[in-house]
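Here is a friendly walk through the model shown below. Keep the viewer open while you read, and follow along residue by residue.

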Amino acid sequence: MDHFIELNDVKKIYRMGREKIIALNNINLHVDRGQFLCLLGTSGSGKSTLLNVMAGLEKPTRGTIKVRQFHIESMSEDQLARFRKKNIGFVFQSYNLMPTLNALENVSLPLIFSGMPVKKREKLAAKLLKAVGLGDRLRHKPQEMSGGQQQRVSIARAFINDPRIIFADEPTGNLDSRTTSEVMDLITGMARSRGQTLILVSHDPEVAAYANTVIHLKDGNVENTIINGEENQ
Amino acid sequence: MNSIDLLQMAVKNLMRRKMRTFLTILGVIIGTGAIILMLSLGIGMTAAMKQSIMEMGSINIITVYSSGGYGGYYSEDMSTSTTSDMQLDDMAVQSFASLPGVEAVTPYLSRYWKIYTKKYAVDAEIVGIDPTAMQKMNFELSDGRLLEATDKLDLVIGSEVKNMFYDIRSNNMHSHDENGVDIDLLQEKLKLTYDMSYGQRNSNSADSDQKPAEPYKVNAVGILQEGNWEQAYSVYIPLEQMQEIIEAEQRWQKQGNDYGSRNNGNNTNEYEQVKVKVADINDVEQVQQSINDMGYQTQSLNDILESSKKSMAVTQAILGGIGAVSLLIAAIGITNTMVMSIYERTREIGIMKVIGASLRDIRRLFLLEAALIGLGGGAIGLGVSYLGSWLINYIFVQQASHMGTEGFSQISLIPWWLALMAVAFTSLIGLIAGYLPAVRATKLSALEALRTV
């Protein structure tokens, strides 16, 4: 059976001067539709590289990445841009909001690139901002909001084009524990209710506990895979 | 990404660094102003020159001389050099008329004769002209009408002729009143005579065997407008009448043994000059060349115009070059600003890429920002140029009136095409200047850009 996302022998090697750093060493994995996958590992384990490669932000040195029927590794930059616009939403550790735009504009930015008219897209954005609990902060600029609020804006932005997959790179890395659980509840709840696939990178086992599949990475290798609390060999 | 969003985003980005944007635009304003003002001086000077040449006569009229005599109305050569020269006769007139581009042709048959009223007289060049062609020969009237085909002894009088009348009794043709004599030529009963001794008869009794010539009663039907010096001093009469009068003069001269046998052109079908009017100014050179090739001598103001145009083109190129240098510096300023802007916004470019901006969107955004700087600077620069041009003209007119050289009202001229081209050009410069930075922006790796703090 074809999986929603399939990685075969993915290798990523960085060259630092003469030294070769193997960030990913022949990774094979698959993700099914609607799954919540957490890539868990310490700093330098290759978890972020794996996410970037899956999202098409980085090219693998070797191997294939198939999302639906598309081969991510052989797409051109323009094809990737179009693919991301349609299929992928991103949430980052440092939020990555546009500092000059207010919450409403930040959330509707992906729709601007798809050419949606202003009224329609701002209506959608306002609806999503209400859903993440920022209905009263529509016109606030990022620097006028707390970290948790900014991350909610970025979550709303990730969901605005109704993507099939949400990639989240340490979404709670800059947040305190109370906000962490709020943000995690929000992001998992939204993804689940929409049937979206969520792939999340973290070093925090508490965050990993939200996922139904946890892949433990160490030095570029998959150390173990835990599905619904049970180790899978 | 649709165009309105793109424009909004570009303007917003430019407004973020108001000071820098303003300074960059200022560079473009100065560049545009310099190039427009420099070119406007060249254009204004060319126009002034053209105007002064136009005042000498009509630019699209070629004067043809028979190959013997060049330009001399009373050249003795005319009658003597009849060897194998091309004659300016009716045949020649026909052949000129059949040249492509020629609108009208008329012979000029002229004599220096006298016109007088009861009190005043004038010695003037009387020109026989084809009345049907006269309409097309760039004559402009201040009063009355031009000659018509049915006219007989009717005259159209040059603008300066009126001022040349002198009192018959004063007997001194050089003591003209500055304002001319007080006569209305269109109303006055005029007489025309080839007897130049008219009015001096009393003192000139030596010519006893000469019968006084019978004068012709003539009738002025039109006065020409000032401003064309070639026509101002002549009096025009239908060609056929002119020929008849010349024949009468010749008979009269044979009768009395007139001392001055002014037999310029024994045959009244042979002309000193033929004027050829060319419909389109651009054809003048070609028509002139074909007439030259037939063996005639020609002259036209176009010759002068062309040669002075060439020298003006050099002046204009130098002036334009000076302006172009400052615009080039402005273009470098735009590039600099855009490169700086991309450094500052590296992270934003990364974000836009990750959330779905295509390379085209990013390229268009940065190109548009650069073009807007060019367009804005160009438009304001154009306004500044109009102001500068007005100022230059104002000062120039004041200076000119001090020096007593009036006539040219402006030395700096901005035609609409220059205004339009300047703004289009600066926008283009902005696009070109922004191209490199824009490509650079598209080449940024999204991931690298995101990692930039």
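## Helices and folds in a predicted model

Helix α11 of chain B, covering residues 416-443, is built from 28 residues and spans 41 Å between its first and last C-alpha, close to the 40 Å expected at 1.5 Å a residue. Please bear in mind as you read on that this is a predicted model. The helix α11(B) has a kink of about 40° at B:Tyr435, shortly before the proline B:Pro437.

Another residue to look up in helix α11 of chain B is B:Ser427. Is B:Ser427 buried or exposed? With a relative accessible area of 16%, B:Ser427 is buried, because the cut-off for that class is under 20%. Setting aside neighbours within four places in sequence, B:Ser427 is in contact with B:Ala371, B:Gly374 and B:Leu375.

### Chain B as a whole

Chain B holds 12 helices and 11 strands. Of its 453 residues, 49% count as buried. If you take the contacts in chain B with a separation of 6 or more, 81% come from residues 24 or more positions apart.

A good place to look inside this chain is B:Ile245, which belongs to helix α6 (residues 239-255) of chain B. B:Ile245 is buried, with a relative accessible area of 1%. Which residues does B:Ile245 touch, not counting those up to four places away in sequence? They are B:Trp113, B:Leu153, B:Leu192, B:Tyr194, B:Tyr216 and B:Ile237. Among these contacts of B:Ile245 are B:Trp113, B:Tyr194 and B:Tyr216, which form one aromatic cluster together with B:Trp252. For a distance to check in your viewer, take the C-alpha atoms of B:Ile245 and B:Pro215: they are separated by 10.0 Å, and the two residues are 30 residues apart along the chain.

### Aromatic pairs

Over all chains, the structure holds 10 aromatic pairs. One of them joins A:Phe70 and A:Phe83: the ring centres are 5.5 Å apart and the planes stand at 70°, so the pair is edge-to-face. A:Phe70 sits in strand β5 (residues 70-71) of chain A and A:Phe83 in helix α2 (residues 77-87) of chain A, so the pair ties together parts that are 13 residues apart in sequence. A:Phe70 is partly exposed at a relative accessible area of 28%, whereas A:Phe83 is buried at 4%.

The rings of B:Trp390 and B:Tyr394 also have centres 5.5 Å apart, but here the planes are at 15°, so the pair is stacked. B:Trp390 and B:Tyr394 are four residues apart in helix α10 (residues 359-403) of chain B, which puts about one helical turn between them. B:Trp390 counts as exposed at 55% relative accessibility, while B:Tyr394 is partly exposed at 45%.

### The open sheet of chain A

In chain A, four strands form an open sheet in the order β2-β1-β4-β5, with antiparallel pairing. Strands β2 (19-31) and β5 of chain A stand at the edges with a single partner strand each, so one side of each is left without a neighbour in the sheet. Strand β1 (residues 5-16) of chain A is joined to β2(A) by nine bridges, and the two run antiparallel. Within this pairing, A:Tyr14 has A:Ile21 in β2(A) as its bridge partner. Helix α1 (residues 47-55) of chain A packs on the sheet, where it touches β1, β2 and β4 (62-67) of chain A. The direction of helix α1 makes about 60° with that of β2(A).

### Two positive phi values

Most residues other than glycine have a negative phi. Chain A offers two residues to compare with that rule. A:Arg68 has a positive phi near 50°, and A:Asp219 has one of about 50° although it is not a glycine.

| Residue | Phi | Loop in chain A | Relative accessible area |
|---|---|---|---|
| A:Arg68 | near 50° | between β4 and β5 | 24%, partly exposed |
| A:Asp219 | about 50° | between β9 (213-218) and β10 (221-227) | 56%, exposed |

The loop that holds A:Arg68 lies between β4 and β5 of chain A, and both of these strands belong to the open sheet described above.

Definitions and conventions: Residues are numbered from 1 along each chain as its sequence is written. Chains are lettered from A and ligands numbered from 1 in the order in which they are written. This is a predicted model: local features need pLDDT of at least 70, side-chain atom pairs count only at pLDDT 80 or more; totals for chains, interfaces and linings use all residues. Side-chain values use heavy atoms; hydrogens and water are left out. Rings of Phe, Tyr and Trp (its six-membered ring) pair if their centres lie within 6.5 Å; planes under 30 degrees apart count as stacked, over 60 as edge-to-face and the rest as tilted. Buried means under 20% relative accessible area, exposed over 50%, partly exposed in between (1.4 Å probe, protein chains only). The expected span of a helix is 1.5 Å times one less than its number of residues. The bend at a residue is the angle between axes fitted to the seven residues ending there and the seven starting there. Contact means heavy atoms within 4.5 Å. Two strands pair if DSSP finds at least two bridges between them. Axes are lines fitted to C-alpha atoms, for helices over the stretch in contact, and angles run from 0 to 180 degrees between N-to-C directions.
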